[in-house]
Amino acid sequence: GLVEKVMRDKIKELGNLIPFEKKLKIAADDNYFAKKKAMYKNSKISMTKKFSELSNWTTKDISLRTEILVQTLLATWQHWDEDYDSEGK
């Protein structure tokens, strides 16, 4: 159905991706996020560890995080471009 398609699309979004030390092999079910949170809590990556503090992870959260990551990347690339341009002069 429509809900399943939306969820499949959200899973592929940049805002749903989190760096982790090893591949997580957890079957997607109703407790999927809860199982991942337990592993995130022990991560040495501060961004990933922060996800263990969330009570849920909605499609709205994924979209918002995607937008934040895209804007951060664009700002970073702009900064790199300015550095590159200033070195060439």
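A contact here means heavy atoms within 4.5 Å. By that rule, residues 24 or more positions apart account for 48% of the contacts in the protein with a separation of 6 or more.

The model is predicted: local features need pLDDT of at least 70, side-chain atom pairs count only at pLDDT 80 or more, and totals for chains, interfaces and linings use all residues. Residues are numbered from 1 along each chain as its sequence is written, and side-chain values use heavy atoms, with hydrogens and water left out.

**Overall build**

The protein has 4 helices and 0 strands. Helices (H or I, at least four residues) and strands (E, at least two) are DSSP runs, numbered from the N terminus. The order from the N terminus is α-α-α-α.

The accessible surface comes to about 7200 Å². Carbon and sulfur atoms hold 59% of that surface. The areas come from the Shrake-Rupley method with a 1.4 Å probe, and for residues only the protein chains shown count as cover. Of the 89 residues, 18% count as buried. Buried means under 20% relative accessible area, exposed over 50%, and partly exposed in between (1.4 Å probe, protein chains only).

**Aromatic cluster**

Rings of Phe, Tyr and Trp (its six-membered ring) pair if their centres lie within 6.5 Å; planes under 30 degrees apart count as stacked, over 60 as edge-to-face and the rest as tilted. The count comes to 2 aromatic pairs. One of them joins tyrosine 40 and phenylalanine 51, edge-to-face, at 6.5 Å centre to centre with 75° between the planes. Tyrosine 40 sits in helix α2 (residues 32-40) and phenylalanine 51 in helix α3 (residues 46-51), so this pair ties together parts that are 11 residues apart in sequence. Phenylalanine 51 also pairs with tryptophan 57: the ring centres are 4.9 Å apart and the planes stand at 80°, so this pair is edge-to-face. Ring pairs thus link Tyr40, Phe51 and Trp57 into a cluster.

How accessible are the residues here? Tyrosine 40 is buried at 4% relative accessibility. Phenylalanine 51 is buried too, at 6%.

Lysine 36 also lies in helix α2. This lysine is buried, with a relative accessible area of 10%. Lysine 36 and phenylalanine 51 are 15 residues apart in sequence. In space, their C-alpha atoms are 9.2 Å apart.

**Salt bridges**

Side chains of opposite charge can pair when their charged atoms come close. A salt bridge is a side-chain nitrogen of Lys or Arg within 4 Å of a carboxyl oxygen of Asp or Glu. The structure holds 3 salt bridges.

| Acid | Base | N to O distance |
|---|---|---|
| Aspartate 9 | Lysine 5 | 2.8 Å |
| Glutamate 13 | Lysine 10 | 2.8 Å |
| Glutamate 53 | Lysine 50 | 3.6 Å |

Aspartate 9 and lysine 5 are 4 residues apart in helix α1 (residues 2-11), separated by about one helical turn. Aspartate 9 is partly exposed at 37% relative accessibility. Lysine 5 is partly exposed as well, at 42%.

Is lysine 10 buried or exposed? Lysine 10 is buried, with a relative accessible area of 14%. Its partner glutamate 13 is partly exposed at 21%.

The bridge between lysine 50 and glutamate 53 joins two exposed residues.
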